[in-house]
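Open the model in your viewer and keep the selection box at hand. This tour tells you what to select next and what is there.

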Amino acid sequence: MHVCARKKTAISLISLGLCMGGVPPALANVMEELQVQPGRTDNVVRIKFNARIHYIRQAAAENGSAAIVYFRIVEGSELQLKVEELLKTKPVASLPGVSVSFPPQSGTQIKKLLVKFSKRTEATIKAGPDDRSLDIVFKDAGKTAVKDNRRYAVRLLSAASKEALGDRAVPARFADYDVFTSQQTRDGKTVYELYLGYLPDAAAAEKLRGQLVSVFTEAAVVDMASRRQQTLGSVARKPAPAEAQPAPPVEQAAIPEVEEQAASLMKQAKAALEAGNNEQAVNLFNQLLFLPPNAHSQEGQELIGLARERNGELAKAKTEYELYLKLFPEGEGAARIRERLAALNVQQQSVPGAPDAVAKRVPETKIVKTFSGSLSQYYYGGQSQTQTAFNTPTTVEKSSISGIDQSSLVTNVDLNGRYRDVNADHRFVVRDTHTWSFLESVPTRNRLTAAYYDYKGLQNNFNARVGRQSGYGSGLPNRFDGATLGYGFMPKYKVNFALGLPVEFPTLDSDRKFWGLSLDAENLAGRWSGNAFFVEQQVDGILDRRAVGGEVRYFDERRSLYSLVDYDVSYDILNIAMLQGSWQTAGQTTFNLLLDRRRAPTLSTHNALYNSVVTSLIPIPTSIKQLLTVRTEDQIRALAEDATAIATQAQFGLTTPLNPGWQLGADIGLTNIGALPQVTLDDGTVLNPSPATGNIMNYALRAIGTNLFSGRDINVFSLSYTDAPESTPSFTGVQIAYNNTTYLGDKWSLEPSLKYYRQQTDPSTELKRWTPGIRVSYRIRESVSLDGEYIYEHATTDSPGTQDISQTHYFSLGYRWDF
């Protein structure tokens, strides 16, 4: 297996360099949670990370159903096993459901997230308000006027009979769109129509019509909202009497896709109505009623009248109710509608002037009780084979090694409970990952990553979180068991107190505890915010870390800036100095910048356990308490400082659109990890634990094309070059890669990929590696999905007198259930 060691030598310096200093990376998820409508942002879903990250770019499918986000991990944990991370949210009010997956990605500096939406939408993904978040911003969602993403359709043809419509097939390349029929009465005659939809605006609909006109010469854009308004207008001009006959029903069999969309819209609309978001409810009911007739049409027509009534639009509510009686004149619903109409007439008569001049009612405060979560199980398997050929003076000798590298069943449980009333918002969160290993060499483990209660006062300025949680900034540990308390003592200022026990995976034998204070300032001079903090940490009774620092942030629609300083006053050493930002021009060109210099890992007394002097002792100390029996505190602190390298990163990148279907990105990056000092062991042996890498330069080009082969695909072509002339050993590497994400209808998604990597390492070693892969997802229903992935890697390493050929097979298969 020595081939694998060779081929990872250079790459690991880049991808895991910030975890150097002898400290192994913690086994923890990179993504932490999805926050829906954080703070006062009604149109945002926020992706929170356990690691510090730097946003680079996004690529979105043209129809708004998915996007790929590229970012770099600046500091934090990486997965050692090939295990995918997945977070999901359900639809809330006008926001769609969001799914964010982080697939296994080794040997690459720039990482990617795959973001999927439960319905087509207009969204932009950008850097969040700090260096541990990304914001998905939905255009117009949550605002007074919510955009109708299903407003337009293309009428393909009209016929005197429905049977005539069935003779015309829609080309397969438009299979991603909904095909439906409708009927209209013109000059007393019934006309049947064939439609293709839906689209968010007239421009998109016109573009689709242009692609169809060669096949359907009568193709025309139809504004479904205007058609509905015309129907309402005719009802308003000629109110239907109670004894009126129903309109001719649309003779149409149930379409599964339409029924599923209608059920989803009905659920969202009812939730908005229950929460008092009447305007959003009206919009969602409108979108439901734009659909072809379905099982929810009747109830939707009733509830849109109720939503308008609660919103104070009494005249429009009356029109909706009258349309209901025209369409559905019999049954219990009709009786309820007649009662509401009678009550509306009395109410309108009591208010002089225009009917809609009535003041809107103040919605009652609703108690919100929700419980949601997910359960997923995936099997991960992998096996490899390495063949080695040795040249001897007379023959070529061969050897072969094969084995199973990975065999485990990973179960993830995510539980979220919420109770909100007029006084406070309460949340309960539990997240746990259990990995059952089938290999004797790999232990089975369980990781409780979160278990906390969160309180946010709505009538006061208090907030609190108690339990196992992640520390977002302010010098706090990445994960800890403890409490954070906050109090807003002025409109723009808040003081916070935190204390607890740091949590690391794998767990450590030392006992550590910390406390910290911070002062937050928000909305200073419009877009500026930041904080100042102090944190102190103890380990086995001695000082582990004592630091001061601060963060400064700027955040608006096009620009973001984030800076961080962390200074350890006990060691008199700068831990972190970091600046990152992004800027998007009016022409949609995005620039991003990262400058980072830090101690890696963050300097603390506990780092002494990873010093070569300590790891050479027999027995090896596993805690600071044990080390104190053979070393003084001052000696331990010196060992900790010597085990912590200085890491520098710099990156500049840009992404610019070439046309509606293509964008081009370019990046240049530098990584430099300093050497650890020479050490002398107790027996007099002198060691150089880790040489400096020198400047490792990386240059990359990416071309991103959307909808090249279908109506819903994202294609990424990339070329990168790495040069490390000062590393030991020095090397250069070239990688060419192609990734595709294609959605086939609403059920299937395919993600084929292909990579070729070539590395030249001094002296005279060459590595060539091919890596094809395929990932397939199938959604059984809205809440249940199946996923499978297969990756094959073929690597050849040539060095003087030796050739190694290795083959690795990796696969995974599993399911996810959201409830």
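The stops below run through sheets, a helix pair, hairpins and a few backbone details.

**Before you start**

This is a predicted model, in which local features need pLDDT of at least 70, side-chain atom pairs count only at pLDDT 80 or more, and totals for chains, interfaces and linings use all residues. Residues are numbered from 1 along each chain as its sequence is written, and side-chain values use heavy atoms, with hydrogens and water left out. Helices (H or I, at least four residues) and strands (E, at least two) are DSSP runs, numbered from the N terminus.

**Stop 1: an open sheet**

Select residues 31-36, which are strand 1. Add 123-127, which is strand 8. They belong to an open sheet of four strands, in the order 1-2-9-8, with antiparallel pairing. Strands pair here if DSSP finds at least two bridges between them. Strand 1 and strand 8 stand at the edges, each with a single partner strand, so one side of each has no neighbour in the sheet. On average, neighbouring strands of this sheet are turned by 20° against each other, direction ignored.

Now add strand 9, residues 133-138. Five bridges pair strand 9 with strand 8 in the antiparallel sense. Look for Ala 123, which stands opposite Phe 138 in strand 9.

**Stop 2: two helices**

Select 297-310 for helix 7 and 314-327 for helix 8. How do their axes cross? The axes come within 7 Å and cross at roughly 165°. That makes helix 7 roughly antiparallel to helix 8. For the angles, axes are lines fitted to C-alpha atoms, for helices over the stretch in contact, and values run from 0 to 180 degrees between N-to-C directions. Under 35 degrees counts as roughly parallel, over 145 as roughly antiparallel, 65 to 115 as roughly perpendicular and the rest as oblique.

Next, show the side chains. Contact means heavy atoms within 4.5 Å. The helix 7 residues that meet helix 8 include Gln 298, Ile 304 and Arg 308. On helix 8, Leu 314, Glu 320 and Tyr 324 are among the residues met. The residues of this contact divide into seven nonpolar, three polar and five charged. In this scheme Ala, Val, Leu, Ile, Met, Phe, Trp, Tyr, Cys and Pro count as nonpolar, Asp, Glu, Lys and Arg as charged, and the others, Gly among them, as polar.

**Stop 3: strands 21 to 23**

Select 512-524 and 528-539, strands 21 and 22. Eleven bridges pair them in the antiparallel sense. Phe 514 has Gln 537 in strand 22 as its bridge partner. The two strands form a hairpin with three residues between them, and Ala 525 in the turn has a positive phi of about 55°.

Add 542-555, strand 23. Strand 22 pairs with strand 23 over twelve bridges, again in the antiparallel sense. In this hairpin two residues lie between the strands, and Asp 540 in the turn has a positive phi of about 45°.

**Stop 4: backbone details**

Most residues other than glycine have a negative phi, and most peptide bonds are trans. Zoom in on Asp 572, which has a positive phi of about 55° although it is not a glycine. Asp 572 sits in the loop between strand 24 (559-568) and strand 25 (573-584). Is Asp 572 buried or exposed? Asp 572 is exposed, with a relative accessible area of 54%. Buried means under 20%, exposed over 50%, partly exposed in between (1.4 Å probe, protein chains only).

Move on to Ala 600 and Pro 601. A cis peptide bond joins them, with omega about -5°. Pro 601 lies in the loop between strand 26 (590-600) and helix 10 (612-615). Then select Ile 618 and Pro 619, whose peptide bond is also cis, with omega near -5°. Pro 619 is in the loop between helix 10 and helix 11 (624-627).

**Stop 5: strands 33 to 35**

Finish with strand 33, residues 731-744, joined to strand 34 by twelve antiparallel bridges. Tyr 738 stands opposite Leu 754 in strand 34. Strand 34 (748-761) leads through a loop to strand 35 (765-781). Those two run antiparallel, joined by 14 bridges. Their hairpin has three residues between the strands, and Ser 764 takes a positive phi near 60°. At 56% relative accessibility, Ser 764 counts as exposed.
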